[in-house]
Each structure stands twice: as structure tokens, then as C-alpha cells.
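Work through the exercises below with the sequence and the 3D view at hand. Each task is followed by a solution in steps.

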Amino acid sequence: MNTPREIRKKAILQLEGAGSETSRLDVDLLLEEALDQSAMDILLEPDQKVTKKEMEAFQELLARRIAREPVSQILGKKNFWSLTFRVSSDCLTPRPDSETLIEAALKDIRDRNTALKILDLGTGSGCLLLSLMSELPNSTGVGIDISDKALAVAEYNALKLGFSERCEFILSDWTEQLPLPREFDIILCNPPYISHEERADLAPEVRDYEPHKALFAEDNGYSEYIRLAEVMPKLVKARTSIFLEIGHTQGNRTAEIFKKTGARNIRIIQDLAGRDRCVALKY
Ligand SMILES: C[S@@+](CC[C@H](N)C(=O)[O-])C[C@H]1O[C@@H](n2cnc3c(N)ncnc32)[C@H](O)[C@@H]1O
């Protein structure tokens with residue numbers, strides 16, 4: 001008889017053998033999905049009988065994970081901030097580090113009921129825009145992305161989370177003349193910033209399953225900061241606050257790039273691990 005206790009033991013070993021560094025968590029999440037029960041319920045009844053159908057469903061999910069497909073893509077969802085986002089191979093899976101931008105933006109806002117206008121450049125799943133909007137009940141938002149498939153995911157998330165009346169999504173390159181008035185109060189942007197040289201060091205979950213347009217940038221990872229710094233002055237008004245995500249070694253150079261196009265009040269902000277993660281600035 002198959003029981004969660006035995007399945008867990010075996011599957012954890014299989015996943016460790018495949019190179020997963022989160023094998024226990026992976027197995028619990030896949031079991032939750034296959035048995036359609038919460039991890040807590042499964043842990044409380046480790047010797048319950050698992051049916052043949054449930055076992056087959058679990059084996060199918062496990063095989064995908066052994067091939068190093070990310071759990072978020074297998075399950076089609078990822079928690080970010082206090083929300084659950086739909087994700088797929090068409091968009092970057094939201095990273096906890098990116099919550100640094102939401103925290104930094106919220107810290108600067110005196111009254112959360114103000115009708116603030118938010119622009120999210122490279123919106124992907126929409127996680128940054130929609131998470132910030134979830135804290136600002138009267139805000140409105142625009143998300144831009146070069147990928148129509150990513151935008152479809154963002155639109156789905158906006159609808160599912162109940163924000164579609166307050167936001168719109170535009171398919172565009174951020175260096176193109178955007179059909180936007182210069183009236184945004186907050187601009188968020190998590191651009192691709194991994195250099196092609198770093199590609200070999202990436203985990204297969206990232207390198208083989210996430211869209212390369214969301215990951216890699218030329219010029220040693222700085223090309224999109226350079227392009228964004230050229231267009232940013234055209235998008236801002238006097239007190240627009242801008243929050244850019246950076247790789248943990250990219251703070252100083254990114255600050256220099258934006259300083260050259262007139263940025264001021266530049267701050268480098270750390271993530272929860274104490275590593276540089278965000279450059280905040282104004283023009
Ligand atoms: C690192 S992902 C960030 C996604 C999401 N904002 C997040 O934080 O999870 C970068 C996003 O920027 C988009 N992108 C890349 N180059 C772009 C460009 N030139 N113009 C507009 N969007 C671009 C990608 O398609 C991708 O969705």
C-alpha cells in the first residue's frame with residue numbers, strides 16, 4: 001500500500017539524486033497537489049491510503065521535477081507579497097527578493113489612500129504592479145512588456161486578483177515612444193540583468209525553464225539599465241519615485257548610469273539577506 005510517509009521518503013531521495021536543493025519542500029508541495037489536501041492534513045495522516053490515480057498523478061509531477069522543472073511552473077502558481085500569482089514558462093517566476101521594491105515604495109508613501117499612478121516596466125506576471133496596487137486602494141497602474149505571452153499572464157493575474165478595472169497592459173519595448181502621459185507617481189522596473197557569462201552558473205530551473213528575455217542582458221548585464229536611463233527622463237514628472245531591481249553587485253554602476261541622465265536622490269537599498277537589491281531615485 002502506498003502511504004504519504006513512504007512516498008515522501010522515496011521521492012525525497014530521488015529528488016536529492018536529481019540535484020534539487022529543496023527536495024523536502026518540493027515533495028510536500030507536489031503531494032499537496034496530487035492528493036488535493038493541505039500539507040498539514042497529509043502530515044497529520046502520514047499512513048493514509050493513497051489511491052492508484054493519486055499515485056499516478058504524483059509520479060507525473062515528480063518526473064517533471066526530477067527533470068528540474070521549477071515547482072512554480074509545475075503547479076502554475078507562486079506566492080509573492082501576500083498574493084498568489086499564476087505563472088508559466090512565459091514569464092519570470094516572482095522572486096522573494098523583488099519584494100524589496102514593494103517595501104521601498106511603500107515606505108515613501110505618506111497616505112496609502114492617495115490616488116497614485118504606477119508604471120511597471122517589464123511587468124512579466126504583473127507581480128510588482130499588482131502587489132503594490134493591493135496596498136494602495138485608490139491607485140491605478142500600467143504594465144509594459146515586450147512579451148505578449150507574459151502580458152497575457154499579467155492580464156490573467158489582474159483579473160483573478162480583482163484589479164483589472166484599475167490597470168492596463170501595453171505591449172511595447174521600453175525604449176519606444178510610449179503612449180503614456182508623464183504623470184506617474186511611482187515607476188517600478190525589474191529588468192533583465194544577468195550577464196551571458198553567468199549563464200553556465202545558473203541552476204537548470206532558471207536556465208532551462210525561464211524566458212531568456214526576462215533574464216539576460218548585454219554589456220555584462222547592464223545594457224537595459226543603460227537603455228532605461230536614456231528614456232526615464234521622458235517618463236517622469238517632478239516627484240516621480242523610481243525603484244529599480246539590481247543584481248547584488250550592480251548598485252554603484254547602475255547608480256552612475258542613471259546619474260549621467262540627471263537622476264538625483266539616489267539610494268541603494270538592501271534585501272532581507274542584506275544584499276544590495278534596489279536602486280531608488282528621482283529626477
Ligand atoms: C526580470 S523580468 C521581471 C518580471 C516581473 N516584473 C518580476 O519582477 O517578476 C523582466 C521583464 O522585462 C521584459 N522585458 C525585457 N526587455 C524588455 C524591453 N526592452 N521592453 C519591455 N519589456 C522588456 C521581459 O519580457 C520580462 O517580462
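The exercises go from the domains to helix packing and then to the sheet, and they concern a predicted model.

**Exercise 1. Domains**

State into which domains the protein chain is divided, and what distance separates their centres.

Solution. Start with the bounds: domain 1 covers 4–67 and domain 2 covers 78–282. Next, take the centres over C-alpha atoms; 34 Å separate the centre of domain 1 from that of domain 2.

**Exercise 2. Helix 1 and helix 4**

Classify the packing of helix 1 against helix 4 and describe the contact.

Solution. Step one is the geometry. Helix 1 spans residues 4–18 and helix 4 spans residues 52–66; their axes come within 10 Å and cross at roughly 20°. Step two is the class: angles under 35 degrees count as roughly parallel, and helix 1 and helix 4 are therefore roughly parallel to each other. Step three is the hand, and this crossing of helix 1 and helix 4 is right-handed. Step four is the contact itself. Helix 1 contributes Ile7, Ala11, Gln14, Leu15 and Ala18, while helix 4 contributes Phe58, Leu62, Arg65 and Ile66. Sorted by class, the residues of this contact are 7 nonpolar, 1 polar and 1 charged.

**Exercise 3. Helix 1 and helix 2**

Repeat the analysis for helix 1 and helix 2.

Solution. Helix 2 comprises residues 23–35, and its axis lies 9 Å from that of helix 1, at an angle of about 130°. Helix 1 and helix 2 are therefore oblique to each other. Their crossing is right-handed. On the helix 1 side the contact holds Pro4, Ile7, Arg8, Ala11, Ile12, Leu15 and Glu16; on the helix 2 side it holds Ser23, Arg24, Asp26, Val27 and Leu31. The classes in this contact of helix 1 with helix 2 are 7 nonpolar, 1 polar and 4 charged residues.

**Exercise 4. The sheet**

Give the strand order of the open sheet, find its edges, and examine the pairing of strand 7 with strand 9.

Solution. First, the order of the 7 strands is 5-4-3-6-7-9-8, with mixed pairing. The edges are strand 5 (167–171) and strand 8 (264–270), each of which pairs on one side only. From one strand to the next, the twist averages 15°. Now take the single pair: strand 7 (residues 236–245) and strand 9 (residues 276–282) are antiparallel and share 4 bridges. In strand 9, Val279 is the bridge partner of Leu244.

**Exercise 5. A helix on the sheet**

Name the strands that helix 7 lies across.

Solution. Helix 7 (residues 127–135) lies across strand 3 (117–121), strand 4 (140–145), strand 5 and strand 6 (184–189). Relative to strand 3, helix 7 runs at about 160°.

How values were computed
Residues are numbered from 1 along each chain as its sequence is written. This is a predicted model: local features need pLDDT of at least 70, side-chain atom pairs count only at pLDDT 80 or more; totals for chains, interfaces and linings use all residues. Axes are lines fitted to C-alpha atoms, for helices over the stretch in contact, and angles run from 0 to 180 degrees between N-to-C directions. Helices (H or I, at least four residues) and strands (E, at least two) are DSSP runs, numbered from the N terminus. Angles under 35 degrees count as roughly parallel, over 145 as roughly antiparallel, 65 to 115 as roughly perpendicular and the rest as oblique. A crossing is left-handed if the near helix is turned anticlockwise from the far one by less than a right angle, and right-handed if clockwise. Two residues are in contact if their C-beta atoms, placed from the backbone, lie within 7 Å. Ala, Val, Leu, Ile, Met, Phe, Trp, Tyr, Cys and Pro count as nonpolar, Asp, Glu, Lys and Arg as charged, and the others, Gly among them, as polar. Two strands pair if DSSP finds at least two bridges between them. Domain bounds come from an automatic or database domain assignment.
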